[in-house]
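Colleague: I've got this one open on my screen and would like a close look at a single part, the helix packing and the sheet beside it. Could you walk me through it?

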Amino acid sequence: MIVDRINAYLSANEKSVNEVVLENVGRMASKTFSRQMMEERAPDPAPTLRLSAAGHCGRQLAYKLHGVAENGKKIDARAKMVFWMGDLIEYTILSLAKLAGVSVFATDSDQIVLWSQINGVQVIGHPDGILLYEGEGYIVEVKSMASYAFERFERGEIERSYLVQVNSYLQALSLKKAIFVALNKDSGVMGERVIHYDVSLWSEAEDRLKRVAASTPGTLPDREFAPNEK
């Protein structure tokens, strides 16, 4: 759907210059470099929950919502490089898809912003893009991952938090399918998986967000995860 078209485009002998796509890549690369490397991360102006984190631990989300001081690893130099590369990979794959003739839109600075409220707390989501394929709309999500995670992805094993995130986007846009495009950072190999809407995953996200939005610094949600054998 997307990956095969990109691979065919990159393997073709003749390519044309698309100035619109080229300009957009440069603009978005400059924007994300400035955001990741040159600007301090400003807190949200109002209490905010994000659909991208709807699959994370409710206690963790509540800590962020209530401004509890972090006691652990902060955004360091390594993390900034990881975020920077992740943004670049997203822009590159979506731009290549456009060059390859894929009907993908609502990307980069034109992303759709999903917004709602739960118990007076604003909930925001930013899908990477929308694909129109054979008359049907798909959410597009792009992720980069190391070889171990990519091997699991190729077996159809996708991290649950990602599935909850995507199903939250599908619910918000009343769509039934998403396409998950992954890039192996070690080899440059791309893969894709179609994800079908699962109401149980959205229900999980909705329940978690409601519990977090209704919490207070003194009544936090239970911890959902614990250390494993690693």
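Modeller: Happy to. Let's start where helices α6 and α7 meet: their axes come within 8 Å and cross at roughly 90°. An angle between 65 and 115 degrees counts as roughly perpendicular, so that is how α6 lies relative to α7. Bear in mind as we go that this is a predicted model.

Who makes the contact? On the α6 side you'll find Arg160, Leu163, Val164, Asn167, Ser168 and Gln171, and on the α7 side Leu201, Trp202, Glu204, Ala205 and Arg208. Sorted by class, the contact of α6 with α7 has 5 nonpolar, 3 polar and 3 charged residues.

Now stay on α7, which covers residues 199-213, and bring in α3, residues 58-65. The axes of this pair come within 9 Å, with a crossing angle of roughly 40°. α3 and α7 are therefore oblique to each other, and the crossing of α3 past α7 is right-handed. From α3 the contact takes in Gly58, Leu61, Ala62 and Leu65, and from α7 it takes in Arg208, Val212 and Ala213. The class count for α3 with α7 is 5 nonpolar, 1 polar and 1 charged. Have a look at Arg208 while you're there: it is listed in the contact with α6 and also in the one with α3.

Just ahead of α6 there's a loop worth a stop. Glutamate 159 sits in it, between α5 (147-154) and α6 (160-173). Glutamate 159 is partly exposed, at 47% relative accessible area. If you measure across from there to aspartate 44, the two C-alpha atoms are 27 Å apart in space, with the two positions 115 residues apart in sequence numbering.

On to the sheet. It is open and has 5 strands, in the order β2-β5-β6-β7-β8, with mixed pairing. β2 and β8 are the edge strands, each pairing on one side only. At the β2 edge, 2 bridges join β2 to β5 (residues 129-133), and this pair runs antiparallel. Valine 104 is the residue that stands opposite leucine 131 of β5. Helix α4 (residues 77-99) packs on this sheet, where it touches β2, β6 (136-145), β7 and β8, and its direction makes about 140° with that of β6.

At the β8 edge, β7 (residues 177-184) and β8 (residues 190-196) also run antiparallel, joined by 7 bridges. Lysine 177 stands opposite histidine 196 there. The hairpin of β7 and β8 has 5 residues between its strands, and in it glycine 188 takes a positive phi near 80°.

Two residues that are not glycine have a positive phi as well. Alanine 106 has phi near 55°, and you'll find it in the loop between β2 (104-105) and β3 (114-118). Alanine 106 counts as buried, at 12% relative accessibility. Asparagine 119 has a phi of about 50° and lies in the loop between β3 and β4 (121-125). Buried or exposed, in the case of asparagine 119? Exposed, with a relative accessible area of 54%.

How values were computed: Residues numbered from 1 in each chain as written. Predicted model: local features only at pLDDT ≥ 70, side-chain atom pairs only at ≥ 80, totals over all residues. Heavy atoms only, no water. Axes fitted to C-alpha atoms, helices over the stretch in contact; angles between N-to-C directions. Helix = DSSP H or I, 4+ residues; strand = E, 2+ residues; numbered from the N terminus. Parallel < 35°, antiparallel > 145°, perpendicular 65-115°, else oblique. Left-handed = near helix turned anticlockwise from the far one by under 90°. Contact = heavy atoms within 4.5 Å. Nonpolar A, V, L, I, M, F, W, Y, C, P; charged D, E, K, R; others polar. Buried < 20%, exposed > 50% of the residue type's maximum accessible area, 1.4 Å probe, protein only. Pairing = 2+ DSSP bridges.
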